Amino acid sequence: MCHCPRSPPCTEDRGHQAINLSAVDAPHAHKVLPWVHRLFSNFKRWSYGTYHGVRDKHFDIYANEFVLRRNRRRHFQTNVDTSLGLGQRIGRSTWRDIVGDTREWKTAHEDQILDMVRPERLDRAKDYAVEHGCGI
């Protein structure tokens with residue numbers, strides 16, 4: 001029995017055993033935590049199949065969608081009702097609401113972006129910009 005003043009009680013009182021997975025002689029993590037590895041494996045498979053990858057910048061949004069879909073995967077009608085209800089309650093979102101302002105990124109990476117364009121296309125784009133008084 002634990003006599004420390006913490007609430008909730010210590011893990012020993014609940015029958016849990018702490019395992020240091022960083023120790024030299026520790027068991028493999030996939031043996032101790034198989035469901036955690038299965039969950040991350042499913043997340044990676046879902047993200048590559050649906051979005052072909054995940055950006056670090058928007059990782060929390062991808063993870064929230066995965067959790068919503070995973071928790072509702074066996075209740076299709078509830079899933080549809082919840083999605084429609086969330087969409088109605090939240091309202092519309094624009095692309096800028098999702099990705100934010102990209103002007104700073106474009107300014108910082110302008111040289112790299114222009115280096116990817118073939119020279120003849122870049123010359124035509126510059127001519128067009130001069131004629132119409134706009135930037136590339």
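Among contacts in the protein chain (heavy atoms within 4.5 Å) between residues at least 6 apart in sequence, 14% join residues at least 24 apart. This is a predicted model, in which local features need pLDDT of at least 70 and side-chain atom pairs count only at pLDDT 80 or more, while totals for chains, interfaces and linings use all residues. Residues are numbered from 1 along each chain as its sequence is written, and side-chain values use heavy atoms, with hydrogens and water left out.

The protein chain has eight helices and zero strands, so that reading along the sequence gives the pattern α-α-α-α-α-α-α-α; helices (H or I, at least four residues) and strands (E, at least two) are DSSP runs, numbered from the N terminus. Of the 136 residues of the protein chain, 10% count as buried, where buried means under 20% relative accessible area, exposed means over 50%, and partly exposed lies in between (1.4 Å probe, protein chains only). The accessible surface of the chain comes to about 12,300 Å², and 54% of this surface belongs to carbon and sulfur atoms; such areas come from the Shrake-Rupley method with a 1.4 Å probe, and for residues only the protein chains shown count as cover.

The aromatic side chains offer a way into the fold. A search of the whole structure finds six aromatic pairs, a pair being two rings of Phe, Tyr or Trp (its six-membered ring) with centres within 6.5 Å, called stacked if the planes are under 30 degrees apart, edge-to-face if over 60, and tilted for the rest. The ring centres of Trp46 and Tyr51 are 5.6 Å apart and the planes stand at 80°, so this pair is edge-to-face. Trp46 is buried, with a relative accessible area of 16%, whereas Tyr51, at 34% relative accessibility, counts as partly exposed. Trp46 also pairs with Phe66, and because the centres of these two rings are 5.5 Å apart with planes at 50°, the pair is tilted. Trp46 lies in helix H2 (residues 34-51) and Phe66 in helix H3 (residues 59-71), so the pair ties together parts that are 20 residues apart in sequence. Both Trp46 and Phe66 are buried.

These residues belong to a wider group, since one aromatic cluster is formed by Phe43, Trp46, Tyr51, Phe59, Tyr62 and Phe66. Within this cluster, Phe59 lies in helix H3 and is partly exposed, with a relative accessible area of 39%. Not counting residues up to four places away in sequence, Phe59 touches Phe43 and Val54. Val54 is also touched by Ser47, together with His52 and Gly53, again leaving out residues up to four places away. Ser47 has its place in helix H2 and is buried, with a relative accessible area of 3%.

The loop between H2 and H3 holds His58, which is buried, with a relative accessible area of 10%. Leaving aside its neighbours within four places in sequence, His58 is in contact with Ile98 and Val99.

On the surface, Ile19, Leu21, Leu33, Val36 and Phe40 form a nonpolar patch with about 410 Å² of accessible area together. Patches are made of residues with over 30% relative accessible area and no salt bridge, with like charges joined within 9 Å and nonpolar side chains (Val, Leu, Ile, Met, Phe, Trp, Tyr) within 5 Å. One of the patch residues, Leu33, is found in the loop between helix H1 (29-32) and H2, and is partly exposed, with a relative accessible area of 34%.

Charged side chains complete the picture. The charged end of Arg38 sits over the ring of Trp35, 5.2 Å from its centre; a charge sits over a ring if NZ of Lys or CZ of Arg is within 6 Å of the ring centre and within 35 degrees of the ring normal. Side chains of opposite charge can pair when their charged atoms come close. A search of the whole structure finds two salt bridges, each defined by a side-chain nitrogen of Lys or Arg within 4 Å of a carboxyl oxygen of Asp or Glu. In one of them, the side chains of Arg69 and Glu65 meet at 2.7 Å, N to O. Both residues lie in helix H3, four residues apart, which is about one turn of the helix, and Arg69, at 45% relative accessibility, counts as partly exposed. A salt bridge also joins the side chains of Arg118 and Glu120 (3.2 Å, N to O). Arg118 is partly exposed, with a relative accessible area of 48%, and Glu120 is partly exposed, with a relative accessible area of 43%.
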